[in-house]
Amino acid sequence: MKHHRPCRLPEHAVSRRAFLGGGLLGGLGSAAGLGGVLTAAPAIAGQVRSRSRRVLNIFLHGGVSQLETWDPKPNTDTGGPFRAIQTTVPGLHICELLPFTAQQMHRLSIVRSLDTRNGDHARGVTEMTTGRGRMPGVEHPHLGAVAARSLMPDDFPLPGHVLIRSSPGGRNVESEFHSAAWLGPRYASMVLYDANPPKFEDRPGEITDEADMRRNGIRQRANERFLQRRRTAETEAYNFSFSQARELLSNRHVFEVSRESAGDQARYGTSQFGRHCLLARRLLEHGVPYVQVNHADYDTHHENFDFHIEQLGEFDQPFATLVSDLADRGLLSNTLICVMSEFGRTPKINKTYGRDHWGTAWSVLLGGASIQPGAVIGKTNANGTEVTDRVVDHGHIFHTILRGAGVDSAGEFEIGGRTFPVADPARQAITELLT
Amino acid sequence: MTGAMTADPQQTKLLRECKLGRPLTGCHWDVHSRYVYCGAEDFLIHRVDMGDGGETLLAGHESWVRAFGSSPDGEMLYSGGYDGRLIFWPVAGGRPEPLRVIDAHRGWIRALAVSRDGRKLATCGNDRLVKEWDAATGQLLHEYAGHESHVYNVHYSPDAGCLYSCDLKGVVQAWTSGVAQPQALTTVAQLHGYDTTFRADIGGARCIALHADGRQLAFGGITKVSNAFAGVGEIAVAVVNVADGKLQQVLQSKDKTVGTTWGVSWHPGGFWLGLTGGGGGGWLYFWKPDSADEFFRFRLPSDGRGLSVSPDGAGAAVAHADGQLRLYGLG
């Protein structure tokens with residue numbers, strides 16, 4: 001009897017994450033967390049599989065200020081001390097803290113009219129990355145899982161959903177991994193910390209090639225015999241674990257950013273975010289369909305301006321270099337770029353020069369793939385306190401990212417005999433932003 | 001206002017309020033007490049006439065202005081803005097216009113200082129540089145590189161032979177005029193932290209003051225930061241010896257007031273005066289040199305962001321976060 005059921009057991013998900021983020025071969029015995037892998041049947045109703053497309057999502061955790069980035073309002077009561085600078089798109093200005101990105105704006109577009117009505121970090125992260133309103137007890141797959149499920153070729157040897165972030169420490173609003181929910185743990189994120197490759201564990205030296213082949217043969221024969229009597233999700237997950245571990249080991253170089261040239265490493269800079277961006281480029285070049293790079297922290301209730309100088313000073317050049325490199329290497333036409341946050345920051349400047357949480361009128365950056373370059377969607381009023389044109393929310397952005405990457409966001413996944421909408425059916429893509 | 005040397009801080013009182021519109025960022029009491037100049041969360045300098053309270057707007061910057069200084073005769077105002085511009089303003093006349101506009105720094109000018117003889121002025125900023133200028137011609141005299149983070153403030157020695165500068169990381173450099181190589185005086189580590197969650201430097205030596213005898217420097221800021229996101233830490237002023245950089249005292253508040261010391265000044269009455277703002281509200285603090293705890297503090301109606309003591313020491317101007325310039329009598 002074949003079990004068509006998504007594996008939602010927490011211990012499975014944990015095993016999967018431990019397996020990918022920790023030891024590989026050494027962890028095979030515990031890598032039982034792929035029970036859902038083969039239960040998510042490949043049938044996809046009405047979905048276009050654009051196999052060569054990818055998504056790069058830069059998530060600025062804590063809530064980056066739209067006024068210090070994509071929607072500056074200089075010399076207004078809310079504008080802060082920074083000026084707006086001209087970009088490579090005539091008439092389009094962004095904050096002076098982003099001089100390198102300003103030189104790439106002909107490749108990018110801004111949505112200035114998000115109204116997500118939310119000021120809670122965790123809810124914002126969930127809603128922006130799942131495209132749905134958060135509801136207790138309901139879990140939707142992360143954007144990365146949806147992208148991996150939709151864009152990853154069946155025989156792709158690498159994980160389809162990679163999160164690059166700093167090692168967690170202290171208070172942290174970032175989720176350490178991204179859930180694939182009912183898509184199954186195969187599409188959950190593999191997490192790379194601090195630009196380091198996964199911790200590969202080589203086969204102990206005393207086990208020869210011959211001995212290794214012999215023990216694998218025993219395992220395979222045992223599996224086959226078992227499958228003749230009873231085929232389960234668990235046994236199939238075991239098999240997938242072994243095969244992906246072998247693939248990862250043979251592709252370990254993909255995760256080694258140190259293999260990039262000294263010149264490229266210098267161009268991306270010595271900051272951790274710079275190395276993360278270079279690693280992202282490397283993964284995208286190797287066809288990983290979804291790469292997310294987190295950058296923290298923008299939760300600037302105090303000294304918003306000083307901290308945005310510091311954080312955006314770290315963000316600007318590596319990000320602009322990445323955009324430029326993707327374009328120069330012919331990858332931008334099939335790589336959708338998004339720079340998002342869980343929300344924006346208040347137009348009102350508080351008494352300690354801070355800005356607080358604000359979901360009422362803020363911005364997201366999009367570009368690449370089927371996103372029209374150099375466009376501005378939506379508008380806020382003179383001092384940025386409200387959206388005056390083309391209100392959108394996380395649902396619209398989610399649809400737009402997927403559509404831009406060639407995924408039919410209005411389609412459905414068929415899993416275990418049930419259908420699940422790819423994105424919130426109550427929302428649509430921002431079609432005027434798509435080419 | 002009473003004479004400076006007889007100042008009685010416990011008699012401190014509010015003398016005047018001037019609503020200037022947007023939240024203020026800094027202030028400067030001119031040498032003849034004719035005007036107080038204020039920066040605000042706009043791109044203007046607000047000149048308040050001490051006689052009739054009239055306000056004149058000086059337009060020339062393209063960002064907020066927090067750095068001010070005057071020539072000894074009071075006829076020239078110098079301003080430094082977050083636009084990196086240093087502007088010379090002859091103050092005679094109804095509406096001053098810029099005499100010189102100098103693109104002095106790449107990034108914010110955080111502070112400026114005028115030498116006691118009025119012949120030189122110094123600026124510092126986010127480009128990690130300290131620069132010295134000819135006050136008569138506006139010519140760059142010297143450029144000093146050595147800080148590794150944003151330079152927050154600068155002060156001349158009494159004879160103008162030395163410049164002291166302090167930065168985000170609490171590093172204090174001493175620069176002999178004309179000598180490019182700095183002498184690291186000290187690091188006021190109490191005023192700086194690196195938050196590993198926030199992944200950013202927190203605090204810094206925000207303000208600076210020199211004791212009248214020239215032997216001690218005071219640096220104000222925030223210490224013991226427990227929440228970098230919200231700026232939760234205690235007000236503090238670190239006092240160090242000029243001769244050897246040794247920490248003499250960390251002035252604090254008895255009740256561990258949450259906030260940042262945005263202004264500090266040595267008062268001729270024989271005490272350090274500090275201005276604070278932040279979670280604990282706005283306060284004027286009064287510290288004797290031999291005690292870490294204040295001997296008096298005065299509650300302000302709103303957070304303080306800039307402090308300037310009158311030339312005779314009888315009053316203090318405070319730039320407030322609520323957009324009010326308030327003048328206080330110091331007893």
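## Polar contacts between the chains

A polar contact here is a pair of N or O atoms within 3.5 Å, where, within protein, one must be able to donate a hydrogen and the other to accept it. Keep in mind that this is a predicted model. With that rule, 13 residue pairs are in polar contact across the interface of chain A and chain B, both partners being at pLDDT 80 or more. On the chain A side, helix α9 (residues 304-328) chips in the most to the surface touching chain B, with six residues. That side of chain A splits into nine nonpolar, 13 polar and nine charged residues.

There are salt bridges too: the rule picks up five of them across the interface of chain A and chain B. One of the five links A:K351 to B:D303, with 3.4 Å between the closest N and O atoms.

## How much gets buried

Chain A brings 31 residues to the contact and chain B brings 34. Between them, about 2,800 Å² is buried, and carbon and sulfur atoms account for 52% of that. Within chain A, the residues losing the most area to chain B are A:R83, A:K351 and A:Y353, which together make up 23% of what that side buries. So A:K351 turns up twice, as a salt-bridge partner of B:D303 and among the top area losers of chain A.

## A sheet in chain B

Chain B also has an open sheet of four strands, ordered β2-β3-β4-β5, with antiparallel pairing. At the edges sit β2 (24-29) and β5 (55-59) of chain B, each pairing on one side only. Neighbouring strands are turned by 25 degrees against each other on average, direction ignored.

Looking at one pair, β2(B) and β3 (residues 35-40) of chain B run antiparallel over five bridges. B:G26 stands opposite B:G39 in β3(B).

Conventions: Residues are numbered from 1 along each chain as its sequence is written. Chains are lettered from A and ligands numbered from 1 in the order in which they are written. This is a predicted model: local features need pLDDT of at least 70, side-chain atom pairs count only at pLDDT 80 or more; totals for chains, interfaces and linings use all residues. Side-chain values use heavy atoms; hydrogens and water are left out. Contact means heavy atoms within 4.5 Å. Buried area is the accessible area (1.4 Å probe) that two parts lose on being put together, summed over both. A salt bridge is a side-chain nitrogen of Lys or Arg within 4 Å of a carboxyl oxygen of Asp or Glu. A polar contact is a pair of N or O atoms within 3.5 Å; within protein, one must be able to donate a hydrogen and the other to accept it, and residues adjacent in sequence count only if both atoms are side-chain atoms. Helices (H or I, at least four residues) and strands (E, at least two) are DSSP runs, numbered from the N terminus. Ala, Val, Leu, Ile, Met, Phe, Trp, Tyr, Cys and Pro count as nonpolar, Asp, Glu, Lys and Arg as charged, and the others, Gly among them, as polar. Two strands pair if DSSP finds at least two bridges between them. Axes are lines fitted to C-alpha atoms, for helices over the stretch in contact, and angles run from 0 to 180 degrees between N-to-C directions.
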